[in-house]
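Hi there,

Here is the structure I promised to pass on. Please have a look at it first, and then read my notes below.

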Amino acid sequence: MPDLTHEIAAGYGTGIIVCGVDEVGRGPLAGPVVAAAAILPPEGLPPALAALINDSKLLKARTREELAPLIRGCARVAIGMADVGEIDRLNILRASLLAMKRAVEGLGIVPDVALIDGNKAPDLACAMRTIVGGDAASLSIAAASVVAKVERDRIMAGLALSHPGYGWERNAGYPTAEHRNALISLGITIHHRRSLGPVKAVLATTAESKSACDSDFDK
């Protein structure tokens, strides 16, 4: 379970402002990548709440949804995003780092140290420490991961209302069989990441079919 070991090592509890940063949505075929930054209160989270927080991937959806507003109520939290256009233009890694940067900048305060999940750090105006597997080790990163996951799932569920059939309310844009089949049967939407292989393959097939139809028409 995540704890405050990394935060304390960075100076948490001595007046040093430490924030945890995590992103969600690097693997989907559609939708934005979403990051969150979280600064825990100087006195710490309520023990009962802290005991429930974990890497968002290890929590059930209902638990995440219950925890997110509690975390927001105790900690200073901000969300940052990079949209599909930015993902296609920059690549998913750089877009993820951009989302993290926007999340930290949205806190309204410059932290002294940012604990970043993973082995790559965004361009921030503070000291940074990367932690591989940070969402399972650092309480502030885990808190950020829960908030980011809930926010992104909410966004994808909203997009599913206007783009039914892809199952985004269930798969959040990840490449499930349902989503892949819908790409073929329903086509590509404006929310799909066109730089990713499965989406590019459908686009190429569509282009080939159109070319063949145009050739037949010209005969």
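A word on terms before we start: contact here means heavy atoms within 4.5 Å. The angles are taken between N-to-C directions and run from 0 to 180 degrees, with axes fitted to C-alpha atoms. Please also keep in mind that this is a predicted model.

With that in hand, look at helix α6, residues 139-162. Helix α6 lies across β1, β2, β3, β4 and β5, and runs at about 35° to β1. Another helix, α5 (residues 92-105), lies across β1 (18-24), β2 (33-39), β3 and β4. The angle between α5 and β3 is about 145°.

The strands themselves make an open sheet of five, in the order β3-β2-β1-β4-β5, and the pairing is mixed. Why do β3 and β5 each have one side without a neighbour in the sheet? β3 (76-82) and β5 (127-131) stand at the edges and have a single partner strand each, so one side of each is left free of a neighbour. On average, neighbouring strands of the sheet are turned by 20° against each other, direction ignored.

Strand β4 is a good place to zoom in. β4 covers residues 113-117 and pairs with β5 in the parallel sense, over five bridges. One of the details there is that Asp-117 has Ile-131 in β5 as its bridge partner. β1 and β4 also run parallel, joined by four bridges, and Gly-20 stands opposite Leu-115 in β4.

Is β4 buried or exposed? Five of its five residues are buried. In a regular strand, side chains alternate between the two faces of the sheet. In β4, Val-113, Leu-115 and Asp-117 are on one side, Ala-114 and Ile-116 are on the other, and both faces are covered.

Now for the pockets. The largest pocket holds about 200 Å³ of space. Its lining includes Asp-22, Glu-23 and Val-24, along with Lys-57, Arg-64, Asp-135 and Lys-149. Asp-117, mentioned above for its bridge to Ile-131, is also one of the lining residues. Two elements, β1 and α6, give two or more residues to this lining, and β1 gives the most, with three. By class, the lining has seven charged, three polar and two nonpolar residues.

The second largest pocket has a volume of about 160 Å³. Among the residues that line it are Tyr-12, Ile-16, Ile-17, Val-18, Leu-40, Pro-41, Pro-42, Arg-76 and Ile-109. Here the classes divide into nine nonpolar, two polar and one charged.

One last residue to find on your screen is Leu-58, in the loop between α2 (47-50) and α3 (61-74). Leu-58 counts as exposed because its relative accessible area is 60%, and the cut-off for exposed is over 50%. The C-alpha atoms of Leu-58 and Val-146 are separated by 10.0 Å, with their positions 88 residues apart along the chain.

Happy browsing, and best wishes!

How values were computed
Residues numbered from 1 in each chain as written. Predicted model: local features only at pLDDT ≥ 70, side-chain atom pairs only at ≥ 80, totals over all residues. Heavy atoms only, no water. Pairing = 2+ DSSP bridges. 1 Å grid on protein atoms, 1.4 Å probe; cavity = no way out; pocket = protein on both sides within 12 Å on 5 of 7 lines; lining within 4 Å. Points joined across faces, edges and corners; volume = space filled by probe spheres on them. Nonpolar A, V, L, I, M, F, W, Y, C, P; charged D, E, K, R; others polar. Buried < 20%, exposed > 50% of the residue type's maximum accessible area, 1.4 Å probe, protein only.
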